[in-house]
Amino acid sequence: MKSSLRLKIPKWPYWILKKLAFNSLPEGYAGDIEEEYEERIRYFGKRKTNAWIWIHALTALPGALKYKFVCGVIMMKNYLKIALRNIRRNKGYSFFNMTGLIIGMGCCLFIGLYSQYEMSFDKFHKNSDRICRINLISNQTGGVTTAPALAPAMMNDFPEVENIAQMYDPGNSLIKLNNSISFRTKLIYASEHIFEVFTFPLINGIPETALEKP
Amino acid sequence: MVELTRLEEIVLIAIWNLRQDAYGVNIKKKVRELTAKEYFYNTLYTIFDQLIRKGFIIKGFGEPTAVRGGKRKVFFRLTKEGHRALNDAFERQRRIWAGFVKETFFEETA
């Protein structure tokens, strides 16, 4: 009798009532509801009684949530107060602790910002995640150059290298184009594979054959 | 002089009426009998909480029974303060209503 009766009570509203009923007497509360549930099922039938218990659960819900929220805020304030008191009490210890934490967090943030900045440009190339730059930084001049022979050597020796483009920045120089000589400040020498590696839009000409002839 | 809300007053009266077997279900029935209104257990139990906090009633546990899924009944009893609060409420009620005669004919004013 008892077990069959227990099974009859709808699970969800009963769970809500049991878990979220924030009065100081949850045992009496749940017991009373079960007792009246049994009575009601005899008088009103199953459907009406289930509706009754659902209404019970749903009306209990907002108050319970509010109670939970308010208690959470109060508890939060309590934690904050305790933390502040502890800091005040052990000044030296918390000073070192917090300094370490601040330095660590600051470093982490700066590293994150730096790497975000580094990853942010030259994204418009088609395979930008597969393009790498090889540098050899000179200690004496601070220049960033590699030997010209490095490119064919790498193509030969490393099978994972698909293509290589070389670039050289000569600085300012004079350019002779169709018998007219002009002075250019932004100039870069590049090997013929440059347009296979990077996807620069060309003003004139076809990317595949643009740099074949000198 | 203690102030009681209306519902607190009704619940206190119900508990006083029931004396020995004042627990949730009975109190709900009594309140329905007194006010001809159906209250939820949620409402009643918040009132019980309030009354316990104010010190007007105390709780006590009964024996666990099979009908209630093995849960104990929670009985309520009036304390001294509860009795005093009821007396005060009754006094006040009597003072307020003193000399009142139930009218059967209403004169319309303005």
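These legends go with close-up views of a predicted model in which chain A meets chain B.

**View 1. Where chain A touches chain B.** Contact (heavy atoms within 4.5 Å) takes in 27 residues from chain A and 24 residues from chain B. The two chains bury about 2100 Å² between them, with 53% of it on carbon and sulfur atoms; buried area is the accessible area (1.4 Å probe) lost when two parts are put together, summed over both. On the chain A side, A:Leu25, A:Glu27 and A:Asp32 lose the most area to chain B, together 29% of what that side buries.

**View 2. Charges and polar pairs across the interface.** Five salt bridges (side-chain nitrogen of Lys or Arg within 4 Å of a carboxyl oxygen of Asp or Glu) are counted between chain A and chain B. One of them pairs B:Lys28 with A:Glu36, at 3.0 Å from N to O.

**View 3. The helices of chain A that face chain B.** Helices here are DSSP runs (H or I, at least four residues), numbered from the N terminus. α1 (2-8), α2 (11-20), α3 (26-44) and α4 (46-89) of chain A each chip in at least two residues to the side touching chain B. α3(A) gives the most, with 13 residues.

**View 4. How sure the predictor is about chain A.** Chain A averages a pLDDT (the predictor's confidence in each residue, from 0 to 100) of 83, and 94% of its residues score at least 70. Among its elements, α1(A) has the lowest mean, 52, and α5 (residues 91-120) the highest, 94.

Residues are numbered from 1 along each chain as its sequence is written, and chains are lettered from A and ligands numbered from 1 in the order in which they are written. Local features need pLDDT of at least 70, side-chain atom pairs count only at pLDDT 80 or more, totals for chains, interfaces and linings use all residues, and side-chain values use heavy atoms, with hydrogens and water left out.
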